[in-house]
Amino acid sequence: MASGLILIGFMGSGKSAVGSRVAQILGWNMVDTDEQVEKELGIPISEIFRTRGEKGFRQAEQSVVIRLLEEAEKSGAQMVLSLGGGALTNAEVYERLQAEPLVVLLDTDLDTAFDRAQGGQRPLARDPEGFKELYREREELYRGAAKIIVDTRGKDIHEIASEVAAMVEERKSAG
Ligand code: S3P
């Protein structure tokens, strides 16, 4: 991809909402990998987990993410890519992110993430203990992949989006 913004972070960190807003501010396209996986398979993520297991979901997610990164790289299109929270647990995805300059982590505390993640149908957000464990397990992974970390604590979506968009513009103009 190398010309776009990649948002990473735990479930409930606001990637999709912030991503759409940032895309609006910058006039870029936005792709949400969860939505893309659902679109391609024609069923919701909860259903993919139920019928194919987490492994089946991860395989679909990996191929979608890698393909989107490759397509964006070829076309040179500037876009916002919001990655599902577990996408970078895949070694190939993690590796590809190394070459991307604008990997932004939306850093959120566990309680806020949990509360926000309750709004949807996320299979991995049902059990509070499992959620907490996953959060701890992945903390370092997110930090390791991020080029920029945005502390989202106490900020609303609009504030976070303005902050991220300003950062992108600043980096772009610095070349
Ligand atoms: C997951 C996060 C979800 C979705 C799936 C699994 C995870 O995306 O990909 O339910 O493993 O963290 P969001 O981070 O957009 O909620």
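Student: What is the space taken by the ligand in this predicted model?

Tutor: The ligand takes up the largest pocket.

Student: Which residues come nearest to the ligand?

Tutor: There are 14 residues around the ligand, and Lys15, Asp34, Arg58, Arg122 and Arg138 come nearest. By class, this shell has 5 nonpolar, 3 polar and 6 charged residues. Helix H3, residues 45-75, gives the most to the shell, with 4 residues.

Student: What makes the approach of Lys15 to the ligand a polar contact?

Tutor: A polar contact needs a pair of N or O atoms within 3.5 Å. A polar side-chain atom of Lys15 lies 2.7 Å from an oxygen atom of the ligand, so the pair meets the cut-off. For Asp34, an N or O atom of the side chain is 2.6 Å from a ligand oxygen, and for Arg138 a polar side-chain atom lies 2.7 Å from a ligand oxygen. The protein covers 97% of the 380 Å² of accessible area that the ligand has on its own.

Student: How many aromatic pairs are there?

Tutor: The count comes to 5 aromatic pairs.

Student: Why do Phe10 and Tyr135 count as a pair, and what kind of pair is it?

Tutor: Ring centres must lie within 6.5 Å, and those of Phe10 and Tyr135 are 5.2 Å apart. Planes over 60 degrees apart count as edge-to-face; here the planes are at 85°, so the pair is edge-to-face.

Student: Which parts does the pair of Phe10 and Tyr135 tie together?

Tutor: Phe10 lies in the loop between strand S1 (5-8) and helix H1 (15-26), and Tyr135 in helix H6 (residues 128-145), so the pair ties together parts that are 125 residues apart in sequence.

Definitions and conventions:
Residues are numbered from 1 along each chain as its sequence is written. This is a predicted model: local features need pLDDT of at least 70, side-chain atom pairs count only at pLDDT 80 or more; totals for chains, interfaces and linings use all residues. Side-chain values use heavy atoms; hydrogens and water are left out. A residue is near a molecule or strand if one of its heavy atoms lies within 4 Å of it. A polar contact is a pair of N or O atoms within 3.5 Å; within protein, one must be able to donate a hydrogen and the other to accept it, and residues adjacent in sequence count only if both atoms are side-chain atoms. Accessible areas come from the Shrake-Rupley method with a 1.4 Å probe; for residues, only the protein chains shown count as cover. On a 1 Å grid over the protein atoms alone, a cavity is a set of points where a 1.4 Å probe fits but cannot get out, and a pocket is an open set with protein on both sides within 12 Å along at least five of seven lines; lining residues have an atom within 4 Å of a point. A molecule sits in a cavity or pocket if more than half of its atoms lie within 2 Å of its grid points. Helices (H or I, at least four residues) and strands (E, at least two) are DSSP runs, numbered from the N terminus. Ala, Val, Leu, Ile, Met, Phe, Trp, Tyr, Cys and Pro count as nonpolar, Asp, Glu, Lys and Arg as charged, and the others, Gly among them, as polar. Rings of Phe, Tyr and Trp (its six-membered ring) pair if their centres lie within 6.5 Å; planes under 30 degrees apart count as stacked, over 60 as edge-to-face and the rest as tilted.
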